[in-house]
Amino acid sequence: MGLIINNEKMTPENAQKLIDICPFGALEYQGGKLSVNAACKSCKLCVKKGPAGIVSWQDETAKTVDKSQWNGVCVFCEIVDGKIHPVTLELLGKARELADVIGHKVYGVVIGDNIKEKASELLHYGADKIFVYDDKAFSQFTITPYSEAFYDFIEKIKPSSILVGATNLGRSLAPRVAARCGAGLTADCTILKMKENTDLVQIRPAFGGNIMAQIVTPNARPQFCTVRYKIFSAPERTDAAYGELVMMDITDAMKKSGTEIICSKEKPKEIDISEADIVVACGRGFQKESDLAMAKELAELLGAQLAGTRPLVEAGWISPKRQIGLSGRTVKPKLIICLGISGSVQFAAGMKGSDYIIAVNNNRDASIFDVAHVGLVGNLYEIVPALIEKIKGGKA
Amino acid sequence: MNIIVCVKQVPGTNKVAVDPVTGVLIRDGVDSKINPYDLFALEEGFSLAEKTDGCVKTLSMGPPQAKEALKETLWMGASESVLLSDRKFGGADVAATSCALALGIKKLGEYDIIICGKQTTDGDTAQVGPELAQRLGIEHIANVTEILECRDGYITVTADLDTVIQTAKIKLPCLITIEKDANTPRLPSYNRKKSMDCDELIKVYSVADIPDADENMLGLKGSPTQVERIFPPEKNSGQEISEGSSDELCDKLFELLSTRKFI
């Protein structure tokens, strides 16, 4: 499986064309021969866009899996310190949508100590079955007991798809279990769809740029993905409980851990931009740190949280806790005003779900205008101070 | 203590875009650098080595030019490096990458601890560390903010679990991933740069150099996930773009905020 290069047809011009097409610098031309190096990401652009007949793609008879043996869309339900993480509910809602396409059941898996009551709360969010691993061994999150329990669940129930919240816990647990199953795992999906053949279509921003990648796991089960908090919407709580709780047996393997938790301290309540109703976000359109003062003032007037893009965080102008995007937080406010932000996919992935997006940028071609509901092409250095004056005048 | 730090060479800029008409990726410069998150892992490794009279070895997988990233790690303080570079490693997803790194770890010999950055800036998945730990059959803990103590076959760290900070004591050997800003990374040393023979200290291995490598677990072949297609992000429909003088735009913005009752 992979790229096949027909070097008999190779000319320096064709080689150069192909090298230019490859976004990853994975093609090398030496001694009249083009070769592929380890930077290849199999995007197949050289096959699709290159000179005809030179590069081709060969699919090998792939490992196959009997997909009919794997049934159900499963959500890992994160409960820490007796609190259900809200991403769990969002995923249960999405799991229902996905499961309905293929007539599968929705499962939840809960791991914790003395957790039955909390687990039954999840039955109000549309799961068909919630599988519960309840033992003292799970009173604190440590990797071995949790992954043993999770793996036990997968072996017994054989779910087709597994959705895990991309929290720090989820991002530590999911890869561990996926590797153990020999399964694929796609991180931080922003769109999920289900094919009729039960292949989960996972879409996420990719390659550190303005590109979305659609990823599938056609020859392996289960299919794992993680999803950030606030990407999907939580379903309404139903008054009546639906589905059933299934208590799972605890094995000795789940009780062994090479990690001992000495203490677990609640983090001091921090500013959390992901909970804000209004966000004022700043990007590289701000030329110096002191210029952020006007954004701060606007944020205060609107009762908004101030946020920023990665470059501003890297420059030290804004705290990493206020960073929006794939490497920062995801926000879903009622209003977000983006000032001087070009709008990379990385950033957009962290705010696209906002109810109302206003963007101010002096570049008409900025990608932020593709995600904004309202775009203002203009100079933020003039618009923002004028707006502040106007708001103050209106309030006075 | 024998410490292995895994690093990745990533694009220097994030400016990769898709031409919406032709679907071709547009590259803006091909500069590369060490994944910024790995710098915190390296620093944690070097200071742990200093405290325990140990050494740091570095490991990477990538194209031949990833050697440059490993050279930098040597100039910072690593004693030797391994680069896994072969077309057969190419197209690897997280599963295949962690398999390859596990082979590289074996090439580097005995170890007490493996340190990774929390994620990369190009993939942003944060998954390779935990998968690697699983493949090696060792304990791991992610998002480590501080190493408190390391002795008697255990390491004690604090780790960020979103709402709580755990203080955990973990049996060695283990793998930890380091949170951003856990320390202040050191710069490459000029003296080391002058005096080291990097080509001697960086071993480059292809799949053929690793006797127990199973090609079915590596690269594209070993990747359960497949990229079906890549495409530019969807645009929001029903958007409204206004141009005009700053005063006009300010009025417009004020009106929008008022009618929607934000002010």
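## Domains, cores and two helices

Chain A splits into three pieces according to the domain assignment, listed just below. Keep in mind that this is a predicted model.

| Domain of chain A | Residues |
|---|---|
| domain 1 | 2-58 |
| domain 2 | 67-255 |
| domain 3 | 273-395 |

Between the C-alpha centres of domain 1 of chain A and domain 2 of chain A there are 40 Å.

Over in chain B, let's look at the nonpolar packing. The largest nonpolar core counts 39 residues, and Ile3(B), Ile113(B), Ile155(B) and Ile176(B) make the most contacts inside it. Several elements of chain B chip in two or more residues to this core, including strand E1 (2-6), helix H2 (67-76), strand E8 (113-117) and strand E12 (174-178). H1(B) brings the largest share, six residues. As for Ile3(B), its contacts beyond four places in sequence include Gly45(B), Leu48(B), Ala49(B), Ile113(B) and Ile115(B). Apart from that core sits another one of 35 residues, with Ile278(A), Phe286(A), Ala295(A) and Leu298(A) among them.

Back to helix H1 of chain B, which also holds Glu43(B). Is Glu43(B) buried or exposed? Its relative accessibility is 11%, so Glu43(B) counts as buried, the cut-off for buried being under 20%. Leaving out residues up to four places away in sequence, Glu43(B) touches Asn183(B), Thr184(B), Pro185(B) and Arg186(B).

Chain A has its own helix H1, residues 12-21, where Asn14(A), Ala15(A), Leu18(A) and Ile21(A) are the buried residues. Looking down the axis of H1(A), these buried residues fall within an arc of 125°, so they line one face of the helix.

How values were computed: Residues numbered from 1 in each chain as written. Chains lettered and ligands numbered in written order. Predicted model: local features only at pLDDT ≥ 70, side-chain atom pairs only at ≥ 80, totals over all residues. Heavy atoms only, no water. Domains from an automatic or database assignment. Core = buried A, V, L, I, M, F, W, Y, C linked by side-chain atoms within 4.5 Å. Buried < 20%, exposed > 50% of the residue type's maximum accessible area, 1.4 Å probe, protein only. Helix = DSSP H or I, 4+ residues; strand = E, 2+ residues; numbered from the N terminus. Contact = heavy atoms within 4.5 Å. Arc of directions from axis to C-beta.
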